[in-house]
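Let's take a walk through this structure together, beginning with a single chain and ending at the pockets. Keep the 3D view open and follow along.

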Number of protein chains: 4
Amino acid sequence: MVRIVVLGQGLVATHLAVGLERIKSGELEPVGVPLERFEYEIPVKSLEIVGSFDVDPGKVGRTIYQVAKDMLGSQLPVPQSLEAVRVERGIHAGSVKGLIPGARGLDEDLGMEEAVEIVADRLQHLRPDVVINVITTERAEPFETLESVRDRVRRGLVSASQAYALAVLRYAEREARRVALVNAIPAPLANDPVLVSMFEEAGSLLLGDDGATGATPLTADLLEHLAERNRRVLSIAQFNIGGNLDFLALTLPEKNIMKEKTKSSVVKDILGYDVPHYIKPTGFLEPLGDKKFVSMHIAWKTFNGLEDELVVNMRINDSPALAGLLVDLARISYSLLERGYKGTVYEVNAFFMKNPGPREAPNIARITAFQNMVKLLQGLGALSTGLPGRRA
Amino acid sequence: MVRIVVLGQGLVATHLAVGLERIKSGELEPVGVPLERFEYEIPVKSLEIVGSFDVDPGKVGRTIYQVAKDMLGSQLPVPQSLEAVRVERGIHAGSVKGLIPGARGLDEDLGMEEAVEIVADRLQHLRPDVVINVITTERAEPFETLESVRDRVRRGLVSASQAYALAVLRYAEREARRVALVNAIPAPLANDPVLVSMFEEAGSLLLGDDGATGATPLTADLLEHLAERNRRVLSIAQFNIGGNLDFLALTLPEKNIMKEKTKSSVVKDILGYDVPHYIKPTGFLEPLGDKKFVSMHIAWKTFNGLEDELVVNMRINDSPALAGLLVDLARISYSLLERGYKGTVYEVNAFFMKNPGPREAPNIARITAFQNMVKLLQGLGALSTGLPGRRA
Amino acid sequence: MVRIVVLGQGLVATHLAVGLERIKSGELEPVGVPLERFEYEIPVKSLEIVGSFDVDPGKVGRTIYQVAKDMLGSQLPVPQSLEAVRVERGIHAGSVKGLIPGARGLDEDLGMEEAVEIVADRLQHLRPDVVINVITTERAEPFETLESVRDRVRRGLVSASQAYALAVLRYAEREARRVALVNAIPAPLANDPVLVSMFEEAGSLLLGDDGATGATPLTADLLEHLAERNRRVLSIAQFNIGGNLDFLALTLPEKNIMKEKTKSSVVKDILGYDVPHYIKPTGFLEPLGDKKFVSMHIAWKTFNGLEDELVVNMRINDSPALAGLLVDLARISYSLLERGYKGTVYEVNAFFMKNPGPREAPNIARITAFQNMVKLLQGLGALSTGLPGRRA
Amino acid sequence: MVRIVVLGQGLVATHLAVGLERIKSGELEPVGVPLERFEYEIPVKSLEIVGSFDVDPGKVGRTIYQVAKDMLGSQLPVPQSLEAVRVERGIHAGSVKGLIPGARGLDEDLGMEEAVEIVADRLQHLRPDVVINVITTERAEPFETLESVRDRVRRGLVSASQAYALAVLRYAEREARRVALVNAIPAPLANDPVLVSMFEEAGSLLLGDDGATGATPLTADLLEHLAERNRRVLSIAQFNIGGNLDFLALTLPEKNIMKEKTKSSVVKDILGYDVPHYIKPTGFLEPLGDKKFVSMHIAWKTFNGLEDELVVNMRINDSPALAGLLVDLARISYSLLERGYKGTVYEVNAFFMKNPGPREAPNIARITAFQNMVKLLQGLGALSTGLPGRRA
Ligand SMILES: NC(=O)c1ccc[n+]([C@@H]2O[C@H](COP(=O)([O-])OP(=O)(O)OC[C@H]3O[C@@H](n4cnc5c(N)ncnc54)[C@H](O)[C@@H]3O)[C@@H](O)[C@H]2O)c1
Ligand SMILES: NC(=O)c1ccc[n+]([C@@H]2O[C@H](COP(=O)([O-])OP(=O)(O)OC[C@H]3O[C@@H](n4cnc5c(N)ncnc54)[C@H](O)[C@@H]3O)[C@@H](O)[C@H]2O)c1
Ligand SMILES: NC(=O)c1ccc[n+]([C@@H]2O[C@H](COP(=O)([O-])OP(=O)(O)OC[C@H]3O[C@@H](n4cnc5c(N)ncnc54)[C@H](O)[C@@H]3O)[C@@H](O)[C@H]2O)c1
Ligand SMILES: NC(=O)c1ccc[n+]([C@@H]2O[C@H](COP(=O)([O-])OP(=O)(O)OC[C@H]3O[C@@H](n4cnc5c(N)ncnc54)[C@H](O)[C@@H]3O)[C@@H](O)[C@H]2O)c1
Ligand SMILES: [Mg+2]
Ligand SMILES: [Mg+2]
Ligand SMILES: [Mg+2]
Ligand SMILES: [Mg+2]
């Protein structure tokens with residue numbers, strides 16, 4: 001069994017919880033879970049969510065079942081089995097200030113240092129193999145040096161994601177065991193050399209940053225498609241609008257800037273030259289809910305100097321897309337831990353993340369990244385070998 | 001120098017001729033020529049068009065310069081150097097019956113057997129290394145057996161493309177030299193095992209079929225993108241409309257069916273399962289000219305059983321896109337011939353062709369095909385080694 | 001009460017039946033019913049479907065409730081009250097030959113003359129005020145002369161729609177009462193001068209042809225928008241694809257041509273000049289179901305000779321859109337009959353129909369047509385006067 | 001002859017100047033000029049630009065010919081006749097602070113009061129019938145009372161547009177003549193009751209505000225289209241991105257807010273209820289130049305409670321669209337002045353302006369507004385009577 005703890009019981013985490021249980025009960029096909037086209041050494045049914053942290057007063061203290069019922073009950077059947085896990089109070093570090101009234105974390109009561117220890121206590125109790133970070137997008141400054149970490153914690157100058165990362169390390173240390181932290185949000189963890197080396201030291205894994213779903217990985221593949229034909233891209237516009245809490249959060253400028261950074265890095269990495277572009281979460285429109293609207297415009301020069309253009313419009317269920325990827329990130333993490341991988345693993349990040357760590361590692365076409373990752377996993381014997389059997 | 005003869009002095013061939021000369025004179029950047037991002041052993045400036053065949057009475061007997069002036073003169077500068085080549089009468093085999101009034105081929109005067117010999121004479125005179133087929137889309141029945149070839153020629157039961165292929169073989173045989181035929185149209189040549197084995201026998205190359213530009217290779221990469229996330233594709237609609245002679249030709253049902261076949265094969269090959277789809281050249285709309293309008297709709301199921309959808313709309317200059325690829329097909333053919341390759345070469349077809357030969361060879365994502373081809377060429381020492389230098 | 005009989009218990013008729021009952025029970029808002037923004041003299045709740053004819057063996061003999069349960073049950077609640085009406089066998093005239101196996105009409109048993117009389121009998125029994133034609137699109141040749149009518153019936157050379165029109169006239173004659181026939185399909189009834197004069201003679205109404213929903217009326221308003229700015233339209237492409245029986249029917253060439261005609265007439269009527277266009281139902285794609293995908297491309301010249309372009313993509317529930325209009329067509333018909341209107345009424349057709357009768361009457365922008373119709377109805381005192389109260 | 005002075009020799013004014021001369025010389029068709037489908041009492045050839053004001057040091061002192069050559073010379077032929085007019089220094093009032101380095105107005109040298117008098121002097125010299133305001137979008141606070149005007153001028157607390165409006169009034173007063181000011185930018189002039197009454201007092205005209213081109217009037221007609229079918233609009237997203245100076249200006253928040261206001265007012269006015277919407281100029285992307293990219297998404301509920309949606313994507317030449325409308329605004333203004341109209345005229349504003357004055361006057365569908373305006377002009381005998389002759 002792979003034991004999972006989630007940080008942030010929002011839409012993504014709740015889709016993950018509901019979808020996992022539905023797949024396990026046989027009621028739902030594992031569509032949207034990449035490796036389910038193959039045979040993987042760890043079946044989906046051996047994954048289990050054993051704990052959850054949040055700071056929203058409307059969630060803390062309730063079961064995942066209750067939270068899911070409220071959030072998705074009108075759209076999806078919510079499995080009774082989700083009553084087994086109760087959402088606990090986590091570390092706030094101001095991550096939802098101005099967004100969720102009454103939000104409150106352990107740090108507000110106990111100070112940050114103590115809060116990190118308490119979360120580590122709880123992790124010792126819950127015994128996760130993998131911790132998944134899907135809290136609200138927040139601003140975070142990478143640690144400069146190993147020495148600065150302690151000091152910043154003491155002064156409360158860490159983001160919630162950083163605090164959780166440190167709690168995971170404390171848990172690993174106290175239990176003398178290996179753990180994986182999967183960071184699916186834009187805060188730079190796997191892109192922070194200091195944190196990565198701390199995880200390496202602890203024989204643990206830190207994968208991230210910012211789960212790649214929706215327009216960004218598609219843009220990566222579209223740009224690679226153009227680059228391989230040596231078309232000269234002239235401009236790129238990408239609009240995103242949605243009505244979930246995540247989009248509301250991204251209307252706050254300092255959160256938006258975090259997302260813009262992870263979204264934009266794709267252009268130069270893949271094309272090899274920079275291009276004027278406008279790529280960012282553009283707005284909040286409540287009735288769209290979790291099904292966002294994306295519009296992209298790309299213009300390029302073709303042979304003989306003429307100009308072509310392409311427009312992509314999408315309606316995408318935002319959160320399930322990430323939830324499906326997290327299923328695989330959890331079991332891949334487990335496989336890698338078992339085989340002694342530590343620090344971060346670019347081959348995995350390159351496919352799953354918008355801003356793949358380590359820092360300076362480039363964005364590449366997802367189709368290429370996927371094949372590299374499959375090769376790695378096949379080499380490890382984790383994935384059935386042979387040509388990818390098309391069993392969808 | 002790589003000597004090139006084109007069959008069909010239409011939009012594609014004329015964009016190729018004009019673009020090549022403009023690149024050679026330094027006036028135009030080699031945008032749209034895939035390998036120009038790398039260093040290739042044969043520079044673009046060593047390619048030369050030395051002959052051209054057509055059956056349109058408005059083209060036969062005129063220089064490429066005059067044809068280009070009429071066709072592209074209002075849009076592009078037409079280099080004087082194109083006065084050097086005059087369009088000759090080719091083999092008709094009814095390929096433009098009902099499309100171009102007064103079209104007439106050697107076969108109409110001399111019978112098919114004799115016409116093939118005459119074209120072979122002319123090729124002996126022009127001495128091409130590479131022959132490129134870009135005549136109007138036509139229906140062709142693959143040869144069943146080696147024995148049937150002679151008989152079908154005698155009875156005039158071959159398509160123009162097949163007749164040209166045989167003329168190329170005759171030329172190779174008479175000169176005891178190796179030649180490459182690049183088939184950029186849907187007629188199944190590289191997908192005809194009999195023809196492929198004849199080229200193999202002759203130490204010559206037959207690449208094809210149907211140049212992959214526009215919506216089809218993009219669909220391939222989009223479907224691979226979805227497949228890698230294990231999204232379940234529900235339906236695919238793809239509309240194409242344009243105003244060039246090629247689109248007019250495709251309003252004739254038997255030509256349309258040829259195109260539909262090469263376009264549709266992509267779905268099952270890449271997804272691994274079939275999906276209801278509507279993929280074909282849809283209509284002719286004269287004012288759009290060579291800049292076609294493409295509209296695609298793809299719907300799929302995502303994690304937790306919800307439905308997403310994507311719409312792509314494009315305005316694409318149809319013919320320059322293929323012309324840019326032909327530049328590379330010509331020089332890759334030359335490199336392969338030099339190294340003793342014969343028959344057909346899937347690694348090259350898989351990237352450049354909608355219906356990559358040999359028959360039964362699957363369509364794969366273009367991004368994957370590109371990397372395989374680059375690897376092959378690097379292995380041969382034809383392409384600069386190291387990671388693809390991004391020099392666009 | 002306004003008594004309604006429907007011809008063709010397909011998607012449109014079934015949405016009408018279900019939606020009407022749901023509105024009457026207060027469970028559904030009257031969204032999609034144009035005049036419900038105003039106060040109309042006849043409330044929706046006084047409309048009642050009292051009879052239904054079909055030729056599909058899977059429908060004849062069953063109640064509308066059973067038919068609706070099968071067709072829409074997974075998507076919508078189906079009111080029990082629909083058990084009151086049973087679908088009866090109608091006149092076939094080959095309208096679904098090759099589409100619905102086993103379809104069979106009264107005419108096949110009794111001959112056409114007798115079949116018309118039987119339907120008239122049934123109408124005498126059902127006593128409708130309004131008959132609505134929503135059978136499968138079929139080919140119909142307008143009657144040349146009054147004299148030819150009898151002869152064509154005798155020889156079985158009428159379409160089903162024409163036969164139903166004659167049955168309605170027989171019913172009106174026998175009962176010496178006024179009736180309205182609303183023709184929502186492309187067969188030219190209100191565009192047939194002979195039929196219109198027969199209805200006029202009988203003091204009855206014939207509205208039609210082909211309900212205007214979806215892309216066509218939108219195109220009308222878009223073209224008017226461009227015309228009013230004197231932009232010179234250069235080309236129009238309009239693709240429609242869907243997965244319902246109606247789209248399947250339109251893959252049969254002779255049905256498609258009927259639709260293309262009613263769809264294309266809009267261009268010249270509104271712009272005042274003709275423009276190359278491609279406007280027709282393009283294909284059938286089963287998974288899209290009743291929610292069709294529409295893609296339109298319009299290019300024009302703007303001031304100073306530059307070129308602009310517009311693309312519209314839609315996902316539209318095809319059948320409910322027409323059903324909502326039929327609610328108003330039924331009660332407007334009733335109001336007009338009461339006030340002595342007979343023959344056909346252009347002001348109503350111009351808004352509601354793709355090919356507004358009488359023949360030769362032009363297509364105009366829907367926004368204009370709507371205002372003209374509102375003025376007519378206000379003049380009659382049927383619609384609350386004053387500026388259109390925005391009560392949506 | 002109708003004598004015109006333009007304020008702001010930017011893209012719009014320059015397209016107007018170039019297009020006018022090209023139409024007058026017969027080289028260009030009057031496409032994009034609405035009333036040219038009809039016969040108007042004042043032919044286009046009697047319009048003449050006699051003066052121009054700007055504050056850009058790169059423009060002041062040069063002829064319109066020189067400015068046009070730089071701006072449009074690579075795209076369009078620039079008529080020599082434009083050498084006749086030289087751009088003069090106008091009033092700055094900070095309108096391009098932070099946008100155009102070195103911009104400088106008369107007010108910076110002489111103070112605002114004096115600057116207004118100098119512009120009035122110049123107008124006396126140039127003798128315009130119509131003054132057209134197309135300066136950079138700027139923030140402006142309406143005047144509260146007649147008394148406050150003088151005071152705000154003295155303290156320099158007026159925007160450039162307001163200062164120009166006062167200069168126009170001074171000119172009218174000194175010459176005892178009637179003048180028209182057409183305000184094509186978002187600053188509220190025709191929506192300022194104080195200014196409107198000052199113009200009324202002076203027997204002069206003030207039309208505005210903010211020329212309606214592109215996405216906003218199209219949205220108006222689309223919403224009316226939906227409203228007339230009583231579809232319940234659920235959400236509206238509208239993205240605009242372009243690469244001209246106007247879009248660059250709109251990235252400054254206080255300019256953007258002016259535009260958002262005039263763009264958003266359309267929703268409630270036309271639907272009769274408010275709807276969550278995101279409608280604003282979204283970003284600046286230099287390579288798009290003056291040909292902006294627009295993307296709109298509208299979702300609604302249809303009959304039986306199902307959901308439809310529509311996406312519009314456009315590539316539009318921004319500035320010529322407005323220039324074409326200004327041709328008609330100039331001659332309509334002249335006709336109205338001649339017939340004694342004064343203050344503002346809603347029937348004209350309602351078609352041509354995004355935020356039609358007077359304040360509180362609603363936005364209506366453009367198709368309706370157009371017909372109302374045509375009726376007014378026909379009533380005056382300015383426009384050929386009879387049904388709109390389709391002479392495009
Ligand atoms: N496709 C996607 O949805 C996608 C893709 C990439 C990244 N992400 C990222 O995943 C994250 C979650 O997305 P979502 O749609 O579930 O958002 P959400 O707003 O629905 O959920 C976030 C949850 O985190 C909780 N939270 C906030 N701060 C916390 C803290 N300090 N400790 C514990 N819980 C906290 C919130 O109360 C909320 O329940 C976001 O950061 C988003 O940017 C999502
Ligand atoms: N992007 C693309 O344009 C693209 C992509 C894939 C395939 N193709 C194929 O390439 C071909 C050429 O496209 P195009 O746009 O240049 O078309 P085109 O119609 O402009 O040119 C075809 C030319 O071939 C000539 N021709 C016809 N029959 C001939 C014969 N028997 N012998 C010699 N000449 C003959 C015609 O007279 C014409 O000049 C078509 O078959 C098309 O399907 C084009
Ligand atoms: N928005 C729209 O859906 C729309 C718009 C304009 C016109 N229409 C027209 O409305 C008609 C109905 O559309 P639909 O979506 O309900 O189609 P449908 O195929 O679902 O229904 C047609 C029904 O008519 C029945 N039928 C066929 N021939 C008949 C006959 N001779 N007598 C009695 N019944 C017969 C069929 O069995 C079927 O039940 C079509 O002709 C369509 O073109 C629909
Ligand atoms: N379709 C359209 O282009 C459209 C539609 C509606 C409104 N508008 C408005 O029209 C205006 C002009 O648009 P544009 O595309 O020509 O912009 P532009 O930026 O090309 O031109 C504006 C010109 O005004 C000048 N200017 C700025 N402040 C001035 C001042 N105080 N006095 C004199 N000149 C001054 C600038 O130097 C520049 O030359 C903008 O306010 C825009 O919002 C344009
Ligand atoms: Mg999300
Ligand atoms: Mg072509
Ligand atoms: Mg229908
Ligand atoms: Mg502009």
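One thing to keep in mind from the start is that this is a predicted model.

Start with chain A. The domain assignment splits chain A into domain 1 (2-211 + 320-379) and domain 2 (215-318). If you take the centres of these two domains over their C-alpha atoms, you get a separation of 25 Å. Where they touch, domain 1 of chain A puts in 26 residues and domain 2 of chain A puts in 26 residues. How much area is buried between domain 1 and domain 2 of chain A? The figure is about 2,000 Å², and carbon and sulfur atoms give 64% of that.

Now bring in the neighbour, chain B. The size of an interface is often given as the accessible area lost when the parts come together. For chain A and chain B, about 5,800 Å² is buried, with 52% of it from carbon and sulfur atoms. The contact draws on 67 residues of chain A and 67 residues of chain B. If you want something to click on from the chain A side, try Glu228(A), Phe303(A) and Asn304(A): together they supply 15% of the area that chain A buries against chain B, more than any other three residues.

Next, the ligands. Where does ligand 1 sit relative to the domains of chain A? Both domain 1 (2-211 + 320-379) and domain 2 (215-318) of chain A contribute residues to the shell around ligand 1, so ligand 1 lies between them. That shell holds 33 residues, and the nearest are Asp54(A), Lys59(A), Ile91(A), Ser95(A) and Ile135(A). Sorted by class, the shell around ligand 1 has 15 nonpolar, 10 polar and 8 charged residues.

Zoom in on the oxygen atoms of ligand 1 and you can pick out some polar partners. Asp54(A) has a polar side-chain atom 2.6 Å from an oxygen atom of ligand 1. In Thr137(A), a side-chain N or O atom is 2.8 Å from a ligand 1 oxygen, while Thr136(A) uses a backbone N or O atom, at 3.5 Å from an oxygen of ligand 1. Ligand 1 taken alone exposes 830 Å², and the protein buries 99% of that.

Which elements of chain A build this shell? Helix H1 (11-24), strand E2 (47-54), helix H6 (160-175), helix H9 (245-249) and helix H11 (318-338) each give at least two residues to the shell around ligand 1. H11(A) gives the most, with 3 residues.

Move over to chain B and look at ligand 2. Here 33 residues surround the ligand, and the closest are Asp54(B), Lys59(B), Ile91(B), Ile135(B) and Tyr164(B). A polar backbone atom of Ile135(B) is 2.7 Å from an oxygen atom of ligand 2, and a polar backbone atom of Thr136(B) is 3.5 Å from a ligand 2 oxygen. On the side-chain front, Asp246(B) brings a polar atom to 3.2 Å from an oxygen of ligand 2. The protein buries 99% of the 830 Å² that ligand 2 exposes when taken alone. As for where the shell comes from, at least three residues are drawn from each of domain 1 (2-211 + 320-379) and domain 2 (215-318) of chain B. H11(B) gives the most to the shell around ligand 2, with 3 residues.

Finish with ligand 4 and chain D. Of the 33 residues around ligand 4, those that come nearest are Asp54(D), Lys59(D), Ile91(D), Ser95(D) and Ile135(D). Backbone atoms show up among the polar partners: Leu11(D) has a polar backbone atom 2.9 Å from an oxygen of ligand 4, and Ile135(D) has a backbone N or O atom 2.7 Å from an oxygen of ligand 4. What does Asp318(D) sit across from? Its polar backbone atom is 2.8 Å from a nitrogen atom of ligand 4. On its own, ligand 4 has 840 Å² of accessible area, and the protein covers 99% of it. H11(D) supplies the largest share of the shell around ligand 4, 3 residues, and that shell has 15 nonpolar, 10 polar and 8 charged residues.

How values were computed. Residues numbered from 1 in each chain as written. Chains lettered and ligands numbered in written order. Predicted model: local features only at pLDDT ≥ 70, side-chain atom pairs only at ≥ 80, totals over all residues. Heavy atoms only, no water. Near = heavy atom within 4 Å. Polar contact = N/O pair within 3.5 Å; in protein donor to acceptor, adjacent residues only side chain to side chain. Areas by Shrake-Rupley, 256 points an atom, 1.4 Å probe, with all protein chains shown as cover. Helix = DSSP H or I, 4+ residues; strand = E, 2+ residues; numbered from the N terminus. Domains from an automatic or database assignment. Contact = heavy atoms within 4.5 Å. Buried area = accessible area lost by both parts, 1.4 Å probe. Nonpolar A, V, L, I, M, F, W, Y, C, P; charged D, E, K, R; others polar.
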